Amino acid sequence: MKLRVIHETVYHYTPTVQNAQHMAHLRPRTGMVQRVLTHSLQVDPAPTQCNMVQDVFGNTRTFFSLPFTHEQLRVRAESLLETLPVPAAPPGEPWEAVRERLSYRRGQPYHAATEFSFASPYIPRHAEFVAYATESFAPGRPLMQAASHLMSRIHADFAYTANATDAGTPALESLRLRRGVCQDFAHVMIGCLRSLGLAARYVSGYLLTEPPPGQPRLVGADASHAWVSVWSPSADDRGGALVENAWFDLDPTNDRPAGEDYVTLAIGRDFSDVSPLRGVIHGGDHHVLQVGVTVEPVPEAAATSAAAAALTASDAPLTPPQAPGSPG
């Protein structure tokens with residue numbers, strides 16, 4: 001599929017902001033089933049400094065500075081991507097065998113996935129997660145069968161309720177509330193997996209806004225979305241590399257694996273690693289936030305033309321107020 005993603009964020013401040021520093025995760029990743037053809041970022045008012053770097057997880061982060069008074073901030077990211085069908089996840093090894101791969105043993109090869117098996121700022125390893133997950137993780141059950149069962153249970157047991165939580169709600173509180181939004185569903189599932197000694201990543205991204213004819217409209221399609229990536233290596237994988245084809249994405253909010261109608265923006269340990277836009281401001285005690293996301297299919301001819309134009313563009317660093325990033 002060829003998809004265009006538009007993500008616009010607007011802040012209205014009262015009183016004015018005196019100066020501000022912001023960090024954004026708004027450029028989608030390029031990977032095995034997704035390729036960025038073009039990307040642009042517009043910031044209004046235009047920042048005095050703006051640069052992009054890659055973080056430890058391979059995400060693109062954009063930093064920009066606004067050292068002057070302003071009453072409004074508008075950030076608009078537009079990306080054109082090509083997505084491919086996602087291979088179905090094999091059942092995998094028994095989940096206990098995968099857990100053993102991640103356990104420390106002297107002389108055992110190091111697996112880079114291990115860093116996603118520990119607690120993170122929003123997601124502790126806790127006995128309450130283990131108690132909830134036990135029904136899905138029977139002894140000897142293949143990992144991806146167990147993880148898919150856990151995903152379906154979360155979807156059935158938790159109510160999708162806007163405003164029941166906020167961006168800072170810890171995963172344990174979401175587990176006890178049995179309600180929340182996609183961020184909470186993902187945090188709870190990750191908490192269950194990590195508390196069992198398994199590796200799981202938090203994925204932020206988008207869904208196709210209007211589904212294909214005959215397909216149901218998915219929850220979270222009008223905003224940024226979040227889901228879970230589970231590490232399930234093949235039985236003959238004896239290396240320690242963080243191989244992308246050993247990660248399989250599951251969406252507990254919609255009870256389905258991620259497919260070509262999903263766009264991955266960033267990955268991390270939890271939401272704190274991949275917030276689309278965050279910052280530090282001086283002033284602006286009160287603000288009104290507006291966020292709009294559109295993901296739409298693009299005709300093949302238009303996508304090919306845009307990709308060709310991107311290849312002829314310079315690979316200059318991002319500059320305000322509008323600056324295309326390099327093609328993926």
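## The hairpin of E3 and E4

In the hairpin formed by strands E3 and E4, five residues lie between the strands, and Gly-58 adopts a positive phi near 85°. The structure discussed here is a predicted model. Strand E4 covers residues 60-66, and six bridges join E3 to E4, the two strands running antiparallel. Within this pairing, Cys-50 has Phe-64 of E4 as its bridge partner.

Phe-64 also appears in another setting. Together with Ala-20, Leu-81 and Leu-265, Phe-64 is included in a nonpolar core of 25 residues, which is separate from the largest one. The largest core is described next.

## Helix H5 and the largest core

Which residues have the most contacts inside the largest nonpolar core? They are Phe-137, Met-189 and Leu-193, in a core of 53 residues. Helix H5 gives the most to this core, contributing eight residues. As a general principle, nonpolar side chains in soluble globular proteins tend to be buried together.

Helix H5 comprises residues 182-195. Is this helix enclosed or open to the surroundings? Of its 14 residues, 14 are buried, and H5 is therefore largely enclosed by the rest of the structure. The length of the helix can also be checked: at 1.5 Å a residue, its 14 residues should span 20 Å, and the end C-alpha atoms are 20 Å apart, which agrees. After H5 comes Gly-197, a residue with a positive phi near 90°.

Met-189 illustrates how the core is assembled. When its neighbours within four places in sequence are left aside, Met-189 is in contact with Ala-147, Leu-150, Met-151, Ile-154, Val-228, Leu-250 and Pro-252.

## Salt bridges

How many salt bridges does the structure hold? There are 12 salt bridges in the structure. One of them joins the side chains of Arg-4 and Glu-296, at 3.3 Å from N to O. Arg-4 belongs to strand E1 (residues 2-27) and Glu-296 to strand E14 (residues 286-297), so this pair ties together parts that are 292 residues apart in sequence. Both side chains belong to residues of intermediate accessibility: Arg-4 counts as partly exposed because its relative accessibility is 25%, and Glu-296 counts as partly exposed at 30%.

A further salt bridge is formed by the side chains of Arg-76 and Glu-8, at 3.8 Å from N to O. This pair also links distant parts of the chain, with Arg-76 in strand E5 (residues 70-83) and Glu-8 in strand E1, 68 residues apart. Arg-76 is partly exposed at 25% relative accessibility, and Glu-8 is partly exposed at 23%. These bridges belong to a wider arrangement, since Arg-4, Glu-8, Arg-74, Arg-76, Glu-78 and Glu-296 are linked in a network of salt bridges.

## The Asp-261 and Arg-256 pair

Another salt bridge brings together the side chains of Asp-261 and Arg-256, at 3.1 Å from N to O. Is Asp-261 buried or exposed? Asp-261 has a relative accessibility of 14%, and therefore counts as buried, since the term applies to values under 20%. Its partner Arg-256, at 22% relative accessibility, counts as partly exposed.

## Positive phi values outside glycine

Positive phi values are also found in residues other than glycine. Asp-255 is one of these, with phi near 55°. Asp-255 lies in the loop between strand E10 (247-251) and strand E11 (256-257). With a relative accessible area of 30%, Asp-255 is partly exposed.

Arg-178 is another residue other than glycine with a positive phi, in this case near 60°. Where is Arg-178 placed? Arg-178 occupies the loop between helix H4 (171-177) and strand E7 (179-180). Its relative accessible area is 34%, so Arg-178 is partly exposed.

## Cis peptide bonds

The peptide bond from Thr-14 to Pro-15 is cis, and its omega is near -10°. Pro-15 is situated in strand E1, the strand that also holds Arg-4 and Glu-8.

A cis peptide bond is likewise present from Asp-44 to Pro-45, where omega is near 5°. Pro-45 lies in a loop, namely the one between strand E2 (34-44) and strand E3 (49-54). Strand E3 is the strand joined to E4 by six bridges.

Note on methods
Residues numbered from 1 in each chain as written. Predicted model: local features only at pLDDT ≥ 70, side-chain atom pairs only at ≥ 80, totals over all residues. Heavy atoms only, no water. Salt bridge = Lys/Arg side-chain N within 4 Å of Asp/Glu carboxyl O. Helix = DSSP H or I, 4+ residues; strand = E, 2+ residues; numbered from the N terminus. Buried < 20%, exposed > 50% of the residue type's maximum accessible area, 1.4 Å probe, protein only. Expected span 1.5 Å × (residues − 1). Core = buried A, V, L, I, M, F, W, Y, C linked by side-chain atoms within 4.5 Å. Contact = heavy atoms within 4.5 Å. Pairing = 2+ DSSP bridges.
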